[in-house]
Every structure is written in structure tokens, then in C-alpha cells.
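I opened the notebook to log what I looked up here. The entries follow the order in which I checked things.

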Amino acid sequence: MINTNNTLLEIRNLSVTYPTRRGEVKAVENLSLTVPAGGRLCLVGESGCGKSTVLHAILRLLRPPGRITNGELLFRGRDLRKLRAKEIQGVRGKEISMIFQDPLTTLNPVFPVGEQIRESLRLHQIIPGLSLPWPLDIIRRKQEKEIVLKAMQEVGIPSPMDRYSIYPHQFSGGMQQRALIALALVCGPALLLADEPTTSLDVTIQAQILDLMLKINQDHNTTIVMVTHDLGVAAEFCDTIAVMYAGRIVEIGPAETIVIHPHHPYTRGLLTCRPHIGEKAQQVKPIEGNVPDLTHLPPGCAFAPRCPLAQTVCEQGPVPLIQVEKNVLTRCLQPVDNRRDPSWTWDQIVRI
Amino acid sequence: MKATKILERVLAALPIMLGVAITVFLFMRLTPGDPVDIMMGRGGAVSEGEIEKLRSEFNLDKPLYTQLGIYLKDAIHGNLGYSYIQKYPVTTLIIERLPATIELAIAALIISLVIAFPIGIASAVWQNSLLDRLSMAGSFLGISMPSFWFGIILILLFGVQLHILPVQGRIDFDAHLSIKTGFYIWDSIITGNHVALISTIKHLILPGITLGAAEAAVIARVIRSSMLEILRSDYIVLARSKGASEWRVILKHALRNALIPTVTIIGLQVGVLLGGNMIVETVFSWPGLGRMVVSAIFARDFPLVQGAVMVYAFTFVMANLIVDILYTYLNPKITF
Ligand SMILES: Nc1ncnc2c1ncn2[C@@H]1O[C@H](COP(=O)(O)OP(=O)(O)OP(=O)(O)O)[C@@H](O)[C@H]1O
Ligand SMILES: [Mg+2]
């Protein structure tokens, strides 16, 4: 696939389940990914397809009852699954950081924002030296505060001095997300996991946050794995797109290929259901049907029940990822080749 | 919180106190039974003249509203009237008894917090574990068990059977404590009398546990349920994602938030402490306000009961004021 000689993160055959009363929710099934150092990868898919679960699994922060049942999470060649509690705590926030889906509920409401950022520095002993207990650590606290202020400045929080000691509810949503980005970056991590960092923000702020993340990627060579449900955002932001459906990767490849001529009917569907400016509402075609129940997945292609191209073979057995062109893998037995048929549209498939 | 705001809140308590005073006054006067009969004792040969003299001395010959007016006017000057039975100013009697009650209440509060915090936190962290089930069953027992019964059980077990803890009074007679403030712990510390200190602490344990048990049970439940909710929240995942250890996440990030509802309930429980102390002080022969009120009620010593109820109401109002002040520190979203 993509060049693998400077791989930072490699996920091999990751499976995650949430055992519930209704049965095992197979949130992620046999997922493999490779992210090169400095790369930008997007996980794209509808709500509930397991995107957040992948990110949480990497840092072993799955919400109960979530459990990794299989796979390897190789970060710089070390399997994160095998680390002891103390070791994974050393990785979290220092080598791999995370930005969460909803900034408004992610900061702790009772601590000043600046102090929450500073805690990361303290936890990882970024300022070396003696660890004195609380009132005696004035010098160290001052040095740490300097770094925090610089980080707040860098992510575009105006007058960080004044904002250092105020509380999350006194920040706007966009500012809270910036603070969370500052928090994630303050220890200089190699990998940044961003879970829909812009979904809960309004459009102009969204663009600013994406620009900020792009700048971070370029200035610090921070590798970014971002989750989004918006293929447009993914296309703008990253170099590789992995499309997920029902816990599996259904298509993965370079961003422009995936967006311009996708091979999987699901990816195609995601593209046509994005509204464009100037387009009438009825031209936006949502994909019909619903995401399948993850406790009872069909034996064959999970998308087959909603797919206009599905044949009987699609429903008979598991569909492997197939290389359809250079660098592009598609989990489909009837891949669309719209290079051969450029006039191909979603409407036409519906008619077939 | 600014001093002016605190003053404002204290002043806002005045109408409440006035309402309490009027209500208690009327209730006490409308209950059957003539105070003069009580003062004279039953069956005593007393002349009409003496009775009339007593009536006018205690203003009982005047109409009810005049009596109320006199009572309120005096109360403003800190004079809550004279006890019918003990023939002393009510204020003096209350001030004499108050330190014993406050000391016991503080001991009960400390004991309940020491029990409630570890249990509440541990049951939330290990939800549905054996420990959780046992402590929640225990706290159910603590809430539903009458405190006089619990007190008697403790007396039987630790006092009568095991002889390890005293079950009566505040201090041993041979401790020779010279009383300065009436707070025995404080008095024994400033006079350097460690025998008295140990004796006082020992005397506080059983009544403190009896009074604190129900309180501990309620607080533990509140801590548990708020911790359970908080441990599921996003900012806890954030704290973990920063690399904080699990204990740090629980004791710093989660507990600090759980304190907000916990402090509220502790403030409300002050009322329970005050109500409970009448029973506990009676069971343990504790020379405090509660026991005095109980005997005053039986003796229809109206001024004394009235005075004590005013003190209770005042304490309750103040406790809630303290909670509100603490709140502004605990919850940054609330500013006065
Ligand atoms: N704690 C949990 N207990 C049980 N099931 C869960 C839990 N968390 C997630 N799931 C299930 O796992 C599946 C994947 O969830 P996940 O949050 O990873 O989806 P997502 O792609 O991030 O969706 P969204 O776009 O809504 O954030 C969903 O079907 C969800 O219902
Ligand atoms: Mg999600």
C-alpha cells in the first residue's frame, strides 16, 4: 500500500466488541491500517460504524464494556496492547494524544483551563528536575505555565494570559476545542488522534480548526488520524481515506482517488449524499436503508441489503478487500469502475 | 464571595427567624396545660395571690399578642425569657449547654465523613462488586435503623459487654479538666491535660457513631451515585487520555466534581444532626441542648423550648449559608 518504511502506527486485524444484553456488538472487525510518520489519515463513515471505537482502542480508552478481542496495535513497533498500565499511561498524552468529539463536555468543569493543560506537562515530567509537593513547586509551575501559554498562543487562543485561569464554561465552543488541541499538543506527541474535532462547531470555526490541524501537521510533523463522517472534510484534510462500514474498512486509498472515483458503492453513496452549494435539496440522495445491527451482521457483505448492485454472491460469504487499482483496496465484488464509465451516477445504479 | 453578599444572606435569614419565632410561640401557647400549674408543681398549696404574682411576672396575664410583642422585643436584645422551671435566663441555659452539643455534632460529622467517603468512592469504582453490595446494604440499614436502638446496641456491645468505651456523659470525673470554653477537646488541649483529652475523645466515639451513622449512610449514597455518573463522563476519558493514573483520575478529577452534590446533602443533613441529637443525647446522658430540650418539653417549659428551637432554626439557616459559600468555591459556574 502506502510506503511502509517509516510506519508510525500499524493496526493489524483489530477487533473490538461491546458485550451487551442484546448480544455482542461487533463494533470493529478485523481492521488493519498503516499510518506513516507525518501522514494524515481519515476514517470516514456513518454514525455508529465504529470510528470512535478504533481511536479509543488505540489508547486503550474503550468505554466499558468495550473489549479488544483480537489484533495488534503497533506504535513505533511496540504493541500497545501488551503494555502494562503504567507504560500505557506514559504513552497517553505524551506520544499519542487525543482530541474528542464534543469539546463542550470534554474539559473538566471545575478546573481552570490552563491548569488542565499544565497537568499534562506535570504528569509526563516535561520540565525535568526535583518533584516537590504542591506549594513548593513554584519555579517549576512557572516554567510549565510558560509552555502552556505558548501552546495556547499557538492554537490561536487570544490573550492566553487572561484565559489561563478561567473555567471551561467561560470559553466558547471553538475556544474550548482550541484549548483541547493545545492540551493534546503540549507534550509534543508524535501521533494525534482526532475524533470528529469539528462536528459540534459551526462552519467557519470548523474551517479554522481544520487549518490549525493542518498547520500542526506541517510545523511539527505530527501524524494525524482523524475521524469524520464528512467525506468532503476528509478530502480537504488528509492524504489517505479509509471508509468504514459496520465496523469494517470497505475502501481505503489516497484521498483524491477515493473522492473522485470511488469503487465501492457505499463510498459513492456517501459522496452523493453530501449537499453542495447551489444544489437543490432533492438532488441530495441519502443512502436508503439503515446501518445494520452490529450484533447480528449478515454472513456476506454488510452493505448488500442497501446496495443497488448487490448480487446473490455478495450475500453468500465474507468479502475480502480487493486491490482494484494501485494503492486502492475495496471490499466489493461488484466494484464500480467509473473511469471506464465516467457518466456513472448514483441515480443510474438505482435504476440498474 | 464578597462580604456584602454574605451580610445580605445573613439579613435575608432574619424574616425566616421571625417566622420561626412567631410559629413556635403560638404553638407553645396553644397547647393545653397552664404553665403556672407546672411552675407551682402539682397539688401544692399555693395562694391565689402568689399565682397572680407569677402570672404578671411572666406576663401571662396579658393578651397573647402583647406577650408575643414582648417576647420578640426581648429576643432582639438577646433575652429569650426566663425558664419556668430552672428560673434562669434561657439564653444562659442554652449557652451553657451549646458547647456539648456542638462538640458532639462535629464529632458525628467527622465520623460520618470518614466512613462515607471511602465507602462511597469504593462502591462507585467497584460497582456491583461484593464490597459495593455490602456497603449499600449497610447504608440502607444505617438510614432505616432508629438511632435510639442503634445507640442501645452500641452501649450493650462496647460498654456493657466489652467494657472498652464509656457510654455516659462527656468525660471521666477523675480527669480534672478545668473548664474554660465548654468545648472539652479545646479546653483539654489549651490546659495541656492529655488525660482529659483522651477521656473526652473516648466519650465522643459511641454517641458520635450513633449520631453520624444515618448521616454517613446518606452521604455515602450521594457520593456513590454522583461518582458513578461522573466516572462515565467525557472529561474523565480526557483525564485518562492525558496519562493520569487511575487513582488520580478518581481522587482528583472525579471526586472534585462529586463534592458539589455531596456538600449540598451535608448541609441538608445538618437538620438531621440537630433532630437526632435529642435522642442520642438522651440515650448517652449527654449534657447538651438536645437533652435539655427533651426535658423542657415534658415540663412544658415554654420559654426554654422556644429558645432552643430558635437556636436550631438559626443553626440550620447558617449551615445552609455556609453550604452556599462553599458552593461558590466548588462550582465555578456559580458566582454570587
Ligand atoms: N459503551 C458502549 N456500549 C455498548 N455499545 C457501544 C458502546 N460504545 C459504542 N457502542 C456501539 O459500538 C458501535 C460503534 O460505536 P462508535 O462510537 O465507535 O461509532 P462512531 O462511528 O464513532 O459513531 P458516531 O459518528 O456516532 O460517533 C455503535 O453501534 C455503538 O452503538
Ligand atoms: Mg464517534
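**Entry 1: a pair in helix α8**

I started with A:D219, which is exposed, with a relative accessible area of 51%. The cut-off for exposed is over 50%, so A:D219 at 51% earns the label. I note that this is a predicted model.

Next I looked up the partner of A:D219. A:K215 forms a salt bridge with A:D219, and the closest N and O atoms are 3.8 Å apart. The rule allows up to 4 Å, so the pair counts. I placed both residues in helix α8 (residues 203-220) of chain A, four residues apart, about one turn of the helix. A:K215 is partly exposed, at a relative accessible area of 37%.

**Entry 2: salt bridges around α4 and α5**

How many salt bridges does the rule give over all chains? I get 24.

I then took A:E144 and A:R118. Their salt bridge has its closest N and O atoms 2.7 Å apart. A:E144 sits in helix α5 (residues 138-154) of chain A and A:R118 in helix α4 of chain A, so the pair ties together parts that are 26 residues apart in sequence. Buried or exposed, I asked of A:E144 and A:R118? Both are buried.

A:D137 and A:R122 came next. Their side chains meet in a salt bridge at 3.1 Å, N to O. This pair also links distant parts of the chain: I find A:D137 in the loop between α4 and α5 of chain A, and A:R122 in helix α4 of chain A, 15 residues apart. A:D137 and A:R122 are both buried.

I went back to the helix α8 pair for contrast in setting: A:D219 and A:K215 both lie in that one helix. I then traced shared partners. Salt bridges join A:E115, A:R118, A:R122, A:D137, A:R141 and A:E144 into one network.

**Entry 3: the magnesium ion**

Which residues coordinate the magnesium ion (ligand 2)? I find A:S52 through OG and A:Q101 through OE1, at 1.8 to 2.7 Å. The two come from distant parts of the chain. A:S52 is in helix α1 (residues 51-58) of chain A, while A:Q101 is in the loop between β6 (96-99) and α3 of chain A, 49 residues apart. I checked exposure for A:Q101: at 33% relative accessibility, A:Q101 counts as partly exposed. Water is not among the atoms, so the site may look incomplete.

**Entry 4: chain A against chain B**

I turned to the interface. Chain A and chain B bury about 2,200 Å² between them, and 59% of that is on carbon and sulfur atoms. On the chain A side, A:R63, A:V110 and A:E119 lose the most area to chain B, together 25% of what that side buries. The contact takes 25 residues from chain A and 22 residues from chain B.

I counted the charged links next. There are four salt bridges between chain A and chain B. A:R63 makes one with B:D234, with the closest N and O atoms 2.7 Å apart. Polar contact across the interface comes to 11 residue pairs, both residues at pLDDT 80 or more.

Which helices of chain A each supply at least two residues of the side that touches chain B? I list α3 (103-106), α4 (113-123) and α7 (173-185). α4(A) gives the most, with four residues. By class, I log 11 nonpolar, 10 polar and four charged residues on the side of chain A that touches chain B.

Note on methods:
Residues are numbered from 1 along each chain as its sequence is written. Chains are lettered from A and ligands numbered from 1 in the order in which they are written. This is a predicted model: local features need pLDDT of at least 70, side-chain atom pairs count only at pLDDT 80 or more; totals for chains, interfaces and linings use all residues. Side-chain values use heavy atoms; hydrogens and water are left out. Contact means heavy atoms within 4.5 Å. Buried area is the accessible area (1.4 Å probe) that two parts lose on being put together, summed over both. A polar contact is a pair of N or O atoms within 3.5 Å; within protein, one must be able to donate a hydrogen and the other to accept it, and residues adjacent in sequence count only if both atoms are side-chain atoms. Ala, Val, Leu, Ile, Met, Phe, Trp, Tyr, Cys and Pro count as nonpolar, Asp, Glu, Lys and Arg as charged, and the others, Gly among them, as polar. Donors are N, O and S atoms within 2.8 Å of the metal (3.2 Å for Na, K and Ca); water is not among the atoms, so sites may look incomplete. Buried means under 20% relative accessible area, exposed over 50%, partly exposed in between (1.4 Å probe, protein chains only).
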